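Student: I would like to learn how to read helix packing and pockets in a structure, so could we go through a case together?

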Amino acid sequence: MNTVTSTEYDSPIGPILLTFVDDALVRLHVAHDGIDPARAEIAQRLGVVPEPASSAGAALARQLDEYFDGKRRAFDIALDWRLVRGFTRAALEASLEIPYGEVASYGEVAVMAGAPRAARAVGTACASSPFSIVVPVHRVVRADGALGEYGGHPEVKEFLLSLENETVLAEGLRVGA
């Protein structure tokens, strides 16, 4: 029997509910509507109410702290893909290849995922990602460079991209100093 746990994380972009099956992240939910609705949604999707706290949750919280402090570029956490179906997984795995501080278009990610004509499907995959931030779908933008909606919260996408750009810029200045 799997153990399902969740941890609340207070981030600069709002409250986040981290949910794990055993020690693998199954959902990172930026809870714009509050933690309680996020808990109810994941309980319905998994068919079980998560137990509070976990060591995996504490480890990911530390990694998120490092990310938001500009000290982490990628996450070292196992992912549980059970909430992801079909092409969505290929698109999300392709978005993992986008370097920190850079962006790729929906069309470019479609090519990376092996389906060059599936730019719209990439958009749908990004919008439904259960691994926001950890799988950097915020780095996927429109062909014209516009950010896109990011689940109805483009300000979050802008914040994450600005954070990464500022970190890369600051590191470049230090290297040349």
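Tutor: We will take a helix pair and then the largest pocket. This is a predicted model, in which local features need pLDDT of at least 70 and side-chain atom pairs count only at pLDDT 80 or more, while totals for chains, interfaces and linings use all residues. Residues are numbered from 1 along each chain as its sequence is written, and side-chain values use heavy atoms, with hydrogens and water left out.

Student: At what angle do helix H3 and helix H5 pack?

Tutor: Two packed helices are described by the angle between their axes and the distance between the axes. Here H3 (residues 87-95) and H5 (residues 119-127), which are DSSP runs (H or I, at least four residues; strands are E, at least two), pack at about 80° with axes 9 Å apart; H3 and H5 are therefore roughly perpendicular, a term that covers 65 to 115 degrees.

Student: Which residues of H3 and H5 meet?

Tutor: Phe-87, Thr-88, Ala-91 and Leu-92 of H3 meet Ala-121, Val-122, Ala-125 and Cys-126 of H5, where contact means heavy atoms within 4.5 Å.

Student: What volume does the largest pocket have?

Tutor: Rolling a probe the size of a water molecule over the atoms shows where empty space is left. The largest pocket (an open set of points on a 1 Å grid where a 1.4 Å probe fits, with protein on both sides within 12 Å along at least five of seven lines; lining residues have an atom within 4 Å of a point) has a volume of about 380 Å³. Of its 20 lining residues, the closest to its centre are Val-30, His-32, Ala-127, Tyr-150 and Gly-151, and strand E3 gives the most to the lining, with four residues.

Definitions and conventions. Axes are lines fitted to C-alpha atoms, for helices over the stretch in contact, and angles run from 0 to 180 degrees between N-to-C directions. Angles under 35 degrees count as roughly parallel, over 145 as roughly antiparallel, 65 to 115 as roughly perpendicular and the rest as oblique. Grid points are joined across faces, edges and corners, and a volume is the space filled by probe spheres set on the points.
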